[in-house]
Amino acid sequence: MSATQAHTPAATEHRPGAEVVLRALKDQGVDVIFGYPGGAVLPIYDALFQQNAIRHILVRHEQAAVHAAEGYARSTGKVGVVLVTSGPGATNAVTGLVDALMDSIPVVCLTGQVPTHLIGNDAFQEADTTGITRPATKHNYLVKRSEDLANTIHDAFYVAKSGRPGPVVVDLPKDILIKPAPYAEAPSKEEPHRSYRPRTEPDRETILEAVRMLKRAERPVIYTGGGVINSGPEASRLLGEFVRLTGMPCTSTLMGLGAFPSSDPLFLGMLGMHGTVEANLVMHGCDVMLNLGARFDDRVTGRLDAFSPGSKKIHADIDPSSINKNVKVDVAIVGDAGRVIAALIEAWKADETPVAKEAQAAWWKRIEEWRGRDCLRYVQSGSIIKPQHAVRRLYEMTKQDGRDTFISTEVGQHQMWAAQYFGFEKPNRWMTSGGLGTMGYGLPAAMGVQIAHPDALCIDIAGEASILMNIQEMGTLAQYRLPVKVFILNNEYMGMVRQWQELLHGGRYSESYSDALPDFVRLAEAFHAKGLRAESADQLDDVIREMLAHPGPVIADICVAKDENCFPMIPSGAAHNEMILGPDSEGNAKSVTDEGKVLV
Amino acid sequence: MQRSATIAVLVENEAGVLARVIGLFSGRGYNIDSLTVAPVDEAGKLSRITIVTSGTEMVIEQIKAQLDRLVPVHRVSDLTLEGPHLTRELALIKVMGKGEHRVEALRLADAFRARVVDATTESFVFEMTGNAEKIDAFLALMRPLGLAEVSRTGAVAIARGSSALAA
Ligand SMILES: Cc1ncc(C[n+]2csc(CCOP(=O)(O)OP(=O)(O)O)c2C)c(N)n1
Ligand SMILES: [Mg+2]
C-alpha cells in the first residue's frame with residue numbers, strides 16, 4: 001500500500017503503532033474484536049489493556065475468531081474484526097477467511113508479523129501471511145512503513161464492506177506496532193478510492209428492459225440470494241414490497257433465507273440440491289427468471305446444461321464477475337441489490353406494459369399442485385425422534401418464546417433440515433456456512449451473534465461430528481457468560497456423508513460412523529454449561545423448554561434417528577426435474593451417473 | 001469458439017499486485033500466453049500489465065471481470081475487442097555458427113530488420129522487434145543456422161487512434 005492518500009494533517013502527533021491501530025479501529029466504529037494473543041501482537045494487547053473503547057473477546061482457536069466475527073457481521077451488517085498473532089495464529093485463521101470469502105462476509109483480520117528486518121528469514125513464527133491469504137481474502141496488505149499504518153486500516157475497512165463484501169487481512173510487523181506512527185483520519189465518504197470503486201447504482205434502461213420482460217412473463221420466478229441480505233435490511237423490505245407488488249413466486253438460496261418471510265404464501269421455500277419440489281420445478285419450468293443477488297452456484301443449478309432450459313434470465317449482482325460465470329444470462333444488471341429492487345419497483349409502477357395476468361394465474365395453479373405434494377412431510381411416530389421433527393419443534397417453541405431468535409448451523413444434514421424446517425421471517429437471523437461448507441462454523445458464529453445481541457436467543461443447530469471441530473469455544477461461552485444454545489441433532493453419523501455413501505456408493509459406510517463420541521451432557525458440564533439430553537420423542541419438548549429457559553449456555557444432545565436421509569435431493573449431475581423425493585421414490589441412486597459422481 | 005485476447009491492465013504499482021494477477025490466472029485455470037509489466041507514469045505509481053490470453057468468449061469476459069475486481073486494478077481494456085491496436089515484442093536472439101551459415105543468418109536478419117547488437121567470430125546477438133508471428137518466423141529460419149538462445153519480452157500493446165487508457 002502506498003501513501004498516496006495522504007490525509008495526514010501537517011502536524012500530527014506520533015503515537016506507538018499499536019495505539020494508532022486501535023484508534024483507527026475505533027474511528028471505524030469497532031466496539032468488539034475477536035482474538036488470540038501471541039508474541040507478534042503483544043504491543044496491540046498491551047494497548048488494548050490500557051483502553052476501554054474496544055472490547056476484546058478471547059476465543060480458544062483462531063479459526064473460531066474469524067467465524068465469530070462472521071456471525072457478528074452477518075447479524076449486524078457491520079464489519080467483524082479479528083486479531084491474531086503471526087505464523088500459526090495467521091494460518092489457523094485461514095479456514096475462516098476462506099469461509100468469509102465464499103459467503104461474502106465483511107471481516108477485517110489483523111495478523112501479527114515478525115519485524116520488517118526479519119521478514120523472509122524464516123524467523124520464529126514467521127509465515128508468508130500475505131502470500132498464504134492472497135487467494136483466501138478479498139484483499140490483503142503488509143504494512144511496511146509507519147506512515148501507511150492508519151491509512152491501510154481505513155482502506156481495509158472500506159474494501160471489506162464496499163461492493164461485494166469480503167475478508168481483508170492487514171499484516172502488521174511487530175516493529176511497526178512499536179515505532180511511533182502518525183495518525184490519519186479515515187477519508188471522507190465522498191472521496192473516491194484511488195482504484196476500487198464498485199458500481200452500486202443500476203442502469204435504468206436495463207431495469208426497464210427487465211421489468212417489461214417480467215410483465216410479459218407467463219411463468220415468472222424471483223430467485224434471491226445472499227446479496228439481498230448483504231445489502232442491508234432495507235433491501236429485504238423492498239424485496240417484500242416488490243414480490244407482493246408483482247405477485248410473482250419467490251424462492252431463495254440457502255444464503256438468502258430470511259430476506260423474504262418464509263410464512264408468506266408467495267414464498268416457495270429454498271431451492272437447489274435440498275430445495276422444495278415447488279421451488280425447483282418453478283425454476284425448471286419458468287419462462288422468465290429474475291435472479292437478485294445470487295450466483296447460480298452448482299448447489300442451486302444442478303446439471304448446468306439442463307438448468308431452467310426454457311427461460312430468459314435476468315441477473316442482478318453487485319459483482320460483474322458473477323454474471324455470465326456459470327449460466328449465460330439475457331439481461332445483466334450490475335448494482336447493489338437494494339438499489340436494484342428500488343429501481344425495479346419504480347419502473348414497474350411507471351411502465352405500462354400489461355401484465356400477463358391470466359397466464360400467471362395458470363402458472364400459480366400449477367405451482368399450487370406442486371406445493372400440494374408437501375415434499376417436506378414427515379411422520380413422527382414412535383419414540384425415535386425424527387431430526388425434522390426436532391427442528392420443527394425447536395422452531396415452534398422459539399416462536400412462542402418470542403425473543404428475537406438467531407440460528408447458526410454446522411454443516412451436514414442438520415444444516416439442511418434447519419434450512420427446511422426452521423422458518424425465517426427476517427434477514428440477518430440465519431448464519432450458515434454456505435459456500436465453503438465449514439464444519440465447526442456454527443458454535444463460534446453463534447458466539448459472535450450473541451456478543452452483538454446479548455438479549456437475543458442464539459442457537460447453533462449442530463451435528464455431533466461438526467460440533468467437535470470447534471467445541472473448545474464452550475470455554476469462551478463460559479468466560480463471557482454467553483447463553484448460546486447448542487442443539488445437537490445426534491445421529492451418531494456424519495449423516496451427510498453416510499447419505500451420499502448410501503445413495504452413491506452402495507451403502508459402504510466408510511469412516512462415516514461417529515465412534516467414541518463424548519458424553520455431551522458431561523462435556524457441557526465440564527465447560528461450566530448445562531447439559532441436557534432427549535432420548536425419546538416424549539422428552540423432546542421438555543428438553544427444548546428447559547434449554548430455552550436456562551439463562552446460561554446449554555448443550556442439548558438430541559438423539560435422533562440414525563439413518564434418516566435429507567430429502568428432497570437433486571443428486572449431483574441431475575437436473576431440477578430429476579429430484580429424489582424420499583426413500584421410496586423411483587430411480588434413486590441409479591439416476592446418478594459416473595459423471596454425476598465426480599461432482600461434490 | 002476460442003479466441004485470443006490482448007488485455008491491458010492499469011494497476012497500482014504496489015507489492016504483490018503481479019502475484020494477484022498471476023494467482024488469479026493459475027487459481028481459475030486461465031491461460032497466459034504472455035505477460036509483461038512495467039511502471040508507466042512519471043511518479044512510478046502506476047504499472048501497465050499486458051496479458052495475451054485465450055479462451056471462449058465467456059471465459060475472456062470472466063477474465064476481464066475478475067481482473068477488474070482486484071482492488072489495485074484501475075482499468076481493464078480488451079484491446080482485441082476494442083478495435084485496431086499495435087502489438088510489439090522485443091527479442092534478443094543468439095545464433096552461433098561459422099562460414100556459410102553465418103552469412104546466411106546475417107542476410108536473413110537484414111531482411112527481417114533484426115539488428116546485430118553483439119558479435120564474436122562464432123556468434124551474433126540479434127535484436128528484433130515486431131509482433132509475435134514475425135519473431136516466430138525469424139526464429140524458425142535461424143534454427144538450422146545455429147540458433148542457440150532466445151530471450152523475449154512478451155507482447156506490449158496499445159490502441160491506435162486518439163483515445164487513451166488512463167487511471
Ligand atoms: C471441515 C470439514 N471437513 C469435512 C467436511 C465434509 N462433510 C460434510 S458434512 C459432513 C458430516 C457432518 O456430520 P455431522 O456434523 O454429524 O452432521 P450430520 O450430517 O450428521 O447432520 C462432513 C464430514 C466438511 N464439510 N467440513
Ligand atoms: Mg451427525
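**A magnesium site beside a ligand**

Let's start at the metal: the magnesium ion (ligand 2) is coordinated by A:E464 through two OE entries, by A:N491 through OD1 and by A:Y493 through its O atom, at 2.1 to 2.7 Å. Please keep in mind that this is a predicted model. The 6 donor atoms around the magnesium ion (ligand 2) subtend angles of 51 to 174 degrees, and therefore the arrangement is irregular.

If you follow the chain, the donor residues of this ion are spaced E-x26-N-x1-Y. The pair A:E464 and A:Y493 links distant parts of the chain, 29 residues apart. A:E464 sits in the loop between β17 (457-463) and α18 (474-479) of chain A, while A:Y493 sits in the loop between β18 (485-490) and α19 (495-504) of chain A. Is A:E464 buried or exposed? With a relative accessibility of 1%, A:E464 counts as buried, because the cut-off for that class is under 20%.

Now turn to ligand 1, where two of these metal donors appear again. An oxygen atom of ligand 1 is 3.1 Å from a side-chain N or O atom of A:E464, and a backbone N or O atom of A:Y493 lies 2.8 Å from an oxygen atom of ligand 1. A:Q413 also takes part, with a backbone N or O atom 2.8 Å from a ligand 1 oxygen. Taken alone, ligand 1 exposes 590 Å², and the protein buries 76% of that.

Around ligand 1 there are 17 residues, the closest being A:Q413, A:G437, A:S466, A:Y493 and A:G495. By class, the shell has 8 nonpolar, 8 polar and 1 charged residues. Both α16 (413-421) and α19 of chain A supply at least two shell residues each, and the largest share, 3 residues, comes from α19(A).

Key:
Residues are numbered from 1 along each chain as its sequence is written. Chains are lettered from A and ligands numbered from 1 in the order in which they are written. This is a predicted model: local features need pLDDT of at least 70, side-chain atom pairs count only at pLDDT 80 or more; totals for chains, interfaces and linings use all residues. Side-chain values use heavy atoms; hydrogens and water are left out. Donors are N, O and S atoms within 2.8 Å of the metal (3.2 Å for Na, K and Ca); water is not among the atoms, so sites may look incomplete. Four donors count as tetrahedral if all angles lie between 85 and 135 degrees; four count as square planar and six as octahedral if opposite donors are over 155 degrees apart and all others between 65 and 115; anything else is irregular. Helices (H or I, at least four residues) and strands (E, at least two) are DSSP runs, numbered from the N terminus. Buried means under 20% relative accessible area, exposed over 50%, partly exposed in between (1.4 Å probe, protein chains only). A residue is near a molecule or strand if one of its heavy atoms lies within 4 Å of it. A polar contact is a pair of N or O atoms within 3.5 Å; within protein, one must be able to donate a hydrogen and the other to accept it, and residues adjacent in sequence count only if both atoms are side-chain atoms. Accessible areas come from the Shrake-Rupley method with a 1.4 Å probe; for residues, only the protein chains shown count as cover. Ala, Val, Leu, Ile, Met, Phe, Trp, Tyr, Cys and Pro count as nonpolar, Asp, Glu, Lys and Arg as charged, and the others, Gly among them, as polar.
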